[in-house]
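Hi everyone, thanks for making time for this. I'd like to walk you through one model today, starting from a single residue and working outwards.

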Amino acid sequence: MKPTQVKDDILNLSPDRLIEWLSRYDIRPYRSRQIFKWLYMRQADDFDRMTDLGKSVRELLAEHFYIGRFEKVAEELSADGTRKFLFRMNDGRRIESVLIPEKSHYTLCISTQAGCAQGCRFCRTAHLGFERNLTQSEILQQILQMKIEPDDTKRLTNIVLMGMGEPLANYENVLNALNILTNNEYGLKFAGRRITLSTSGIVPRIYDLGADTAVNLAVSLNAADDRTRNMLMPINRKYNIESLMEVCRNYNLRPHRRITIEYIMIKGINDSVLDAKKLSKLLRPIRAKINLIPFNSHDKSQFERPSQKTIETFQNILIDNHYTVMIRESKGRDISAACGQLQGKTQDRDSIGRA
Ligand code: SF4
């Protein structure tokens, strides 16, 4: 009896690996461009749809590969238009992605791990613990699954890697996914400046990211001294603020770009006038803009959001020191889609939940 062929997910292949695989069957390299176009630009979920390939090539592909698709098990719509999607992957684990409407476009926030090992005290995902890294395919499927209605005037133009997980702890898969996302010939043609990767501060990988990609960097800083940051973010015990500032100073920043510093404001923890002054001094040598994110209360945390007056006083100190500072009210708070609230546990539902 012929052994059953174990198939691989073709969405885990890079263009080079597909070209190399095709060459084993004497199939010319240009075929890989056609295949990738079907997979990403036309989002084909069946090799039979690839009508500009000969039947024998389609059959060969189907014999060795499948096209990864995970199941969307729930979708929730926030009062502000934010939509949160819960996906079940092939092994049953769940991840979430969030589609955020902006004035003229959509931004999609994607996950890079199921759960997270970093243990940030303010984050709901941290309570899941680490389950596993997402594959290149699973990272990309979140984008491929995002169907924008044809009559919608907004398009999906921006991607942020700020969902579940620490992207730089899954570096290889994230890098490969970014290569497809930004590839004009083989991939999804997103400009690097339209993609932002947010990290809790895995310093050596930040250097790598600057060397390997042209995406924007966001650093989840949240404190201006090691004592406070150690308490909020265990990663700081390994890579302290000085090492984080050093990599930010030396980061391979493209012209006219700045590093986004994210600062979740927590009542009584990091929101004082002194904290604002320390932050201002700390960031002076860095080309940075600052996003202040008032803490989103959730049932897994005792932390609270500061008063509006405290937030504005903090912002004004930074503005007086010539920083660009935005107060970012997280969208989708009513459906737990806001920053730090993803946890992959939305109730399974066949129908769409309305907030
Ligand atoms: S904030 Fe990010 S890095 Fe920290 S635990 Fe949550 S998902 Fe992980």
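Before the first residue, one convention: two residues are in contact if their C-beta atoms, placed from the backbone, lie within 7 Å. And please keep in mind that this is a predicted model.

So, which residues does isoleucine 261 touch, leaving aside those up to four places away in sequence? They are Val219, Leu221, Leu283, Ala288 and Ile290. Ile261 also belongs to the largest nonpolar core, which has 83 residues. Within that core, the members touching the most others are Leu39, Tyr263, Met265 and Ile261 itself. Where does the core sit with respect to the two domains? Both domain 1 (8-66) and domain 2 (71-354) give residues to the core, so it lies between them.

Let's look at those domains together. The domain assignment splits the protein chain into domain 1, residues 8-66, and domain 2, residues 71-354. Their C-alpha centres are 33 Å apart. Where they meet, domain 1 puts in 9 residues and domain 2 puts in 13 residues. On the domain 1 side, helix α2 (residues 30-41) brings the largest share, with 3 residues. Sorted by class, that side of domain 1 has 4 nonpolar, 3 polar and 2 charged residues.

Next stop, helix α4, which covers residues 136-144. Here 7 of the 9 residues are buried, so the helix is largely enclosed by the rest of the structure. The buried ones are Gln136, Ser137, Glu138, Ile139, Leu140, Gln141 and Gln142. What do they pack against? The partners are three strands, β1 (8-9), β4 (83-88) and β5 (94-101), together with helix α5 (171-182).

Now for the ligand. Its surroundings consist of 12 residues, and the closest are Cys116, Gln118, Cys120, Cys123 and Ala126. By class, this shell holds 5 nonpolar, 6 polar and 1 charged residues.

Finally, let's zoom out. The protein chain has 10 helices and 15 strands. Its radius of gyration is 22 Å, close to the 20 Å that the globule rule gives for 355 residues, so the chain is as compact as a globular protein of that length. Along the principal axes, the C-alpha trace spans about 70 × 45 × 40 Å. Of the 355 residues, 40% count as buried. And for those of you who like contact maps: among contacts with a separation of 6 or more, 66% join residues 24 or more positions apart.

That's my tour, and I'm happy to go back to any part of it.

Methods:
Residues numbered from 1 in each chain as written. Predicted model: local features only at pLDDT ≥ 70, side-chain atom pairs only at ≥ 80, totals over all residues. Core = buried A, V, L, I, M, F, W, Y, C linked by C-beta atoms within 7 Å. Buried ≥ 20, exposed ≤ 12 C-beta atoms within 10 Å, placed from the backbone. Domains from an automatic or database assignment. Helix = DSSP H or I, 4+ residues; strand = E, 2+ residues; numbered from the N terminus. Nonpolar A, V, L, I, M, F, W, Y, C, P; charged D, E, K, R; others polar. Near = placed C-beta within 6 Å. Rg over C-alpha atoms; globule rule 2.2 N^0.38 Å.
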